[in-house]
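Hi,

Here is the structure I promised to pass on. Have a look at it first, and then read my notes below.

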Amino acid sequence: MTPYSLAFYVDVITTGTVLGVGPADSPDHVTKVLGSDFAENTFGDRSMCRDYGLAEFYWDRASADHPWSGRHFTLQVHRLAHRDRTLVNDALRARYGRFTPRLRFEKLRRLLVRRGVPLLEIPESPANAPYLRTFWQPDSHVAVSLIGTYSEYSTPDNLRVGDVYSIQAPMTGEEVECR
């Protein structure tokens with residue numbers, strides 16, 4: 001892992017943003033920062049996802065005549081294991097450089113601990129346990145999911161136990177309590 005891509009993950013976990021863009025930002029603002037190269041999926045006229053490769057942003061709205069309201073973003077870190085160099089968009093690459101195919105959780109956690117940023121393990125949803133484990137940063141409301149154990153049908157073949165699967169924000173304290 002290059003120090004630059006590790007810096008990206010540390011920035012996301014400590015700030016709860018991607019290049020300063022938060023989960024509540026508008027689709028136009030996210031595109032202004034991350035660029036216009038994205039795939040867009042809409043689910044009726046009330047939900048939308050924009051996939052920027054590594055990062056996905058999600059919005060909802062009450063009806064078609066209402067503005068979009070940001071829901072969350074997810075970094076699909078597991079996609080890097082496919083070694084597709086186009087996955088990391090130009091804006092991220094320009095700021096952080098090269099990204100390696102796998103992110104080891106313990107390496108990331110050590111860097112965060114040195115900066116005084118704790119990650120607390122929280123219960124995993126029953127559908128994902130024990131294959132995934134989730135850790136939460138209470139100040140930024142960021143959740144980090146990693147491979148907890150291998151299963152032929154439940155975990156990707158190109159990841160190892162201890163590799164980060166995804167990073168998501170926000171995960172509120174109420175969501176953590178519900179788990």
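Let me start with a question: is Arg102 buried, exposed or partly exposed? Arg102 is partly exposed, because its relative accessible area is 27%. Before I go further, keep in mind that this is a predicted model.

**Salt bridges**

Arg102 has a salt-bridge partner in Asp163, with 3.0 Å between the closest N and O atoms. Arg102 sits in the loop between α3 and α4, while Asp163 belongs to the loop between β7 and β8 (164–169), so this pair ties together parts that are 61 residues apart in sequence. Asp163 itself is buried, with a relative accessible area of 0%.

A second pair of this kind is Arg179 with Glu124, where the closest N and O atoms are 3.9 Å apart. Here Arg179 comes from the segment after α5 (173–178) and Glu124 from the loop between β5 and β6, so parts 55 residues apart in sequence are tied together. Arg179 is partly exposed, at a relative accessible area of 36%. Glu124 counts as buried because its relative accessibility is 15%, and the cut-off for buried is under 20%.

Then there is a pair within one helix. Asp90 and Arg93 both lie in α3, three residues apart, which is about one turn of the helix. Their side chains meet in a salt bridge at 3.3 Å, N to O. Asp90 is exposed, with a relative accessible area of 60%, whereas Arg93 is partly exposed at 33%.

There is also a network of salt bridges that links Asp51, Glu56 and Arg79. The count for the model comes to 10 salt bridges.

**The sheet**

Now for the strands. Eight of them form an open sheet with antiparallel pairing, in the order β1-β2-β3-β4-β8-β7-β6-β5. The edges are β1 (39–43) and β5; each has a single partner strand, so one side of each is left without a neighbour in the sheet. On average, neighbouring strands of this sheet are turned by 20° against each other, direction ignored.

At the β1 edge, five bridges pair β1 with β2 (residues 47–51) in the antiparallel sense. Ala39 stands opposite Asp51 of β2 there, and Asp51 is also a member of the salt-bridge network with Glu56 and Arg79.

At the other edge, β5 (residues 120–122) pairs with β6 over three bridges, again antiparallel. Glu121 has Phe135 in β6 as its bridge partner. On to β6 and β7 (residues 142–147): six bridges join these two antiparallel strands, with Arg133 opposite Leu146 of β7. The two strands make a hairpin with four residues between them, and His141 in the turn has a positive phi of about 60°. As for burial, β6 (residues 132–137) is mostly covered, with five of its six residues buried.

**Helix α4 and the loops around α3**

Which residues of α4 are buried? They are Phe105, Leu108, Leu111 and Leu112. Looking down the axis of α4, you will find these buried residues within an arc of 130°, so they line one face of the helix. Val113 and Arg114 are exposed, and they sit on the face of α4 turned away from its buried side. Just after the helix, Gly116 takes a positive phi of about 75°.

The loop between α3 (90–96) and α4 (105–114) also holds Leu103. Leu103 counts as buried because its relative accessibility is 1%. Measuring C-alpha to C-alpha on the model, Leu103 and Leu80 are 8.9 Å apart in space and 23 residues apart in sequence.

On the other side of α3, the loop that connects β4 (69–75) to this helix contains Asn89. At 7% relative accessibility, Asn89 counts as buried. If you leave aside its neighbours within four places in sequence, Asn89 is in contact with Leu34 and Tyr52.

That's it from me.

Cheers

Methods. Residues numbered from 1 in each chain as written. Predicted model: local features only at pLDDT ≥ 70, side-chain atom pairs only at ≥ 80, totals over all residues. Heavy atoms only, no water. Buried < 20%, exposed > 50% of the residue type's maximum accessible area, 1.4 Å probe, protein only. Pairing = 2+ DSSP bridges. Contact = heavy atoms within 4.5 Å. Arc of directions from axis to C-beta. Axes fitted to C-alpha atoms, helices over the stretch in contact; angles between N-to-C directions. Salt bridge = Lys/Arg side-chain N within 4 Å of Asp/Glu carboxyl O.
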